[in-house]
Amino acid sequence: MKRYSAFAIAREGFRAHKGWDRAWTAPEPRKNYDVIIVGAGGHGLATAYYLGRNFGITNVAILEKGWLGGGNTGRNTTIIRSNYLQDPSAAIYEKARSLYETLSQDLNYNVMFSPRGLIMLAQTHHEVRGYQRTAHANKLQGVDTEWISPTRVKELCPIIELKGPRYPVLGGLYQERGGTARHDAVAWGYARACSAMGMDIIQNCEVTGIRTEAGRVRGVSTTKGEIDCQKLGIVVAGHSGVLAQMAGFRLPIESVALQALVSEPIKPCMDVVVMANTVHGYMSQSDKGEMVIGGGADGFNNYTQRGSFHHIEETVRSLIETFPMVSRLKMLRQWGGIVDMTGDRSPILSKTPVDNIFINCGWGTGGFKAIPGSGWGFAELMATGESALCEAFSLDRFRAGRFIDESVAAGVAH
Ligand SMILES: Cc1cc2nc3c(=O)[nH]c(=O)nc-3n(C[C@H](O)[C@H](O)[C@H](O)COP(=O)(O)OP(=O)(O)OC[C@H]3O[C@@H](n4cnc5c(N)ncnc54)[C@H](O)[C@@H]3O)c2cc1C
């Protein structure tokens with residue numbers, strides 16, 4: 001595969017851009033692979049990439065029922081941060097954030113990582129205490145965050161109204177190297193790198209069954225036929241429960257729709273990401289100028305990938321108190337994704353009751369930011385059977401009661 005570079009762009013400019021390779025190939029599935037990953041979202045693709053890059057395992061197929069990156073990876077609001085409270089969470093999210101710093105160079109693909117800074121607003125005294133505690137925890141974990149005053153919040157984000165009638169801004173938890181990246185570019189970059197290593201990304205190929213024998217995986221049934229494998233990674237976010245059922249075990253997980261919306265594009269007015277968890281809203285400005293707005297998850301379980309009018313109304317109504325300018329914006333698009341929520345709002349990266357089946361799920365409303373770290377750790381777990389990054393996130397924590405309670409950090413916003 002040809003490298004992308006300024007020189008290559010100039011060269012192709014003189015050749016009417018006829019010399020580019022396809023970013024990834026479109027093969028038919030072979031009969032057998034060492035590893036099959038189900039789900040070509042960011043986490044599945046990153047897992048495949050690090051299996052190849054870190055462990056030399058390249059006889060890999062990534063099976064996707066739709067198009068790659070068409071699940072939550074292509075539907076999220078792209079917030080990246082690592083200011084989590086619990087040590088195992090801070091470790092995996094900070095690993096991911098630090099990998100994002102050089103991901104464009106590593107993949108030779110511009111993922112548009114933009115560490116523009118991220119503020120989580122404290123709008124109640126409970127939040128002040130919670131975020132100050134997180135800032136202290138982050139210091140001990142080596143994660144660079146700080147508690148900032150309302151005046152500093154206003155300096156960083158002049159369009160904020162500090163003295164909202166119900167929820168005045170009392171300060172914020174600030175992560176200077178948090179920010180955003182282009183979501184589908186992350187999927188495309190990993191896909192291109194996987195394809196360059198000889199892996200097969202097979203789109204429009206739904207896994208409809210999982211074959212096991214004597215407690216061990218043998219292969220999968222798909223809409224493109226039977227495929228055998230030595231190891232299987234299930235990385236399907238909102239459909240994790242469905243795939244686990246095919247393999248004969250249950251997951252402590254619920255699927256709900258999470259929605260987001262964008263406004264018409266306007267001139268640059270906000271160069272940080274701001275999250276207001278008390279009112280269930282957060283906002284950043286895209287490079288195109290749209291205000292990217294996210295709200296809470298649906299209050300009932302469902303598998304629908306759609307938006308609904310009451311969410312636009314609720315999210316915008318609550319944001320207006322903190323961002324009055326939102327009342328003058330026209331909303332352009334709205335959509336939804338199916339997120340996979342665990343009880344402690346932390347992910348599952350684990351072996352399963354079936355030998356050589358591994359599961360990566362439960363990222364809920366906030367897994368985009370974790371993609372590189374999750375792929376790194378999960379690849380290690382699949383290749384070697386152990387991973388320090390994943391250890392605390394095993395399935396048996398629900399049986400043993402070793403919850404990683406991030407409900408304050410991850411359950412509401414991102
Ligand atoms: C509206 C919204 C906003 C969000 N905002 C943020 C944010 O700002 N920051 C953040 O960090 N996170 C955010 N998230 C969460 C984040 O998007 C997800 O945690 C993350 O993208 C999950 O990635 P994934 O690869 O696990 O899943 P997905 O990208 O959903 O990929 C799973 C893939 O599996 C495929 N699949 C399912 N079943 C099968 C099958 N039987 N056979 C084959 N393939 C199958 C699906 O088609 C899908 O492509 C948001 C999510 C939503 C919906």
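**Entry 1: two domains**

I began with the distance between the domains of this predicted model: the centres of domain 1 and domain 2, taken over C-alpha atoms, are 27 Å apart. The domain assignment puts 25-82, 85-108, 183-252 and 344-410 in domain 1, while domain 2 is made of 118-179 and 255-342.

Next I looked at where they touch. I find 29 residues of domain 1 in contact with 26 residues of domain 2. On the domain 1 side, the elements supplying at least two residues each are β3 (79-80), α3 (87-101) and α8 (240-247). Which of them gives the most to that side? It is α3, with 4 residues. By class, I note 10 nonpolar, 12 polar and 7 charged residues on the side of domain 1 that touches domain 2.

**Entry 2: around the ligand**

I then turned to the ligand. There are 40 residues around it, and the ones that come nearest are Gly 39, Gly 41, Gly 71, Gly 337 and Gly 367. Two or more residues of this shell come from each of α2 (42-55), β12 (253-265) and β16 (331-342). I sorted the shell by class and got 14 nonpolar, 21 polar and 5 charged residues. Which domains does the shell draw on? At least three residues come from domain 1 and at least three from domain 2.

**Entry 3: the whole chain**

Stepping back, I have 12 helices and 18 strands in the secondary structure of the protein. The radius of gyration is 21 Å, and the globule rule gives 22 Å for 414 residues, so I can call the protein as compact as a globular protein of that length. Along the principal axes, the C-alpha trace spans about 65 × 65 × 40 Å.

I also checked burial and found that 51% of the 414 residues count as buried. For contacts with a separation of 6 or more, I see that 75% are between residues 24 or more positions apart.

**Entry 4: strand β15 and its partners**

Is strand β15 (residues 290-297) mostly covered or mostly open? It is mostly covered, as 7 of its 8 residues are buried. I followed its pairing on to β12, which runs antiparallel to β15 over 5 bridges; there, Val 262 has Val 292 of β15 as its bridge partner. This is the β12 that also gives residues to the shell around the ligand.

Strand β14 (residues 281-285) pairs with β15 too, in the antiparallel sense over 4 bridges. Here I find Gln 285 standing opposite Met 291 of β15. The hairpin of β14 and β15 has 4 residues between the strands, and Gly 289 takes a positive phi near 105 degrees in it.

**Entry 5: the β9-β10 hairpin**

Strand β9 (residues 207-213) and strand β10 (residues 216-222) pair in the antiparallel sense, over 6 bridges. I picked out one bridge: Glu 213 is partnered by Arg 216 in β10. The two strands form a hairpin with 2 residues between them, and Ala 214 sits in that loop.

**Entry 6: two positive phi values**

Some background before I go on: most residues other than glycine have a negative phi. That made me look at two residues.

Ala 214 has a positive phi, near 50 degrees. Is Ala 214 buried or exposed? I count it as exposed, because 6 other C-beta atoms lie within 10 Å, and the cut-off for exposed is 12 or fewer.

His 280 has a positive phi as well, near 60 degrees. I located His 280 in the loop between β13 (273-276) and β14. His 280 has 18 C-beta neighbours inside 10 Å, so it counts as partly exposed; burial would take 20 or more.

**Entry 7: Glu 226**

My last stop was Glu 226, which lies in strand β11 (residues 225-234). With 13 C-beta neighbours inside 10 Å, Glu 226 counts as partly exposed. What does Glu 226 touch, leaving aside residues up to four places away in sequence? I find Gly 219 and Ser 221. I also took a C-alpha to C-alpha distance from Glu 226 to Gln 105: they are 37 Å apart in space and 121 residues apart in sequence.

Conventions:
Residues numbered from 1 in each chain as written. Predicted model: local features only at pLDDT ≥ 70, side-chain atom pairs only at ≥ 80, totals over all residues. Domains from an automatic or database assignment. Contact = placed C-beta atoms within 7 Å. Nonpolar A, V, L, I, M, F, W, Y, C, P; charged D, E, K, R; others polar. Near = placed C-beta within 6 Å. Pairing = 2+ DSSP bridges. Rg over C-alpha atoms; globule rule 2.2 N^0.38 Å.
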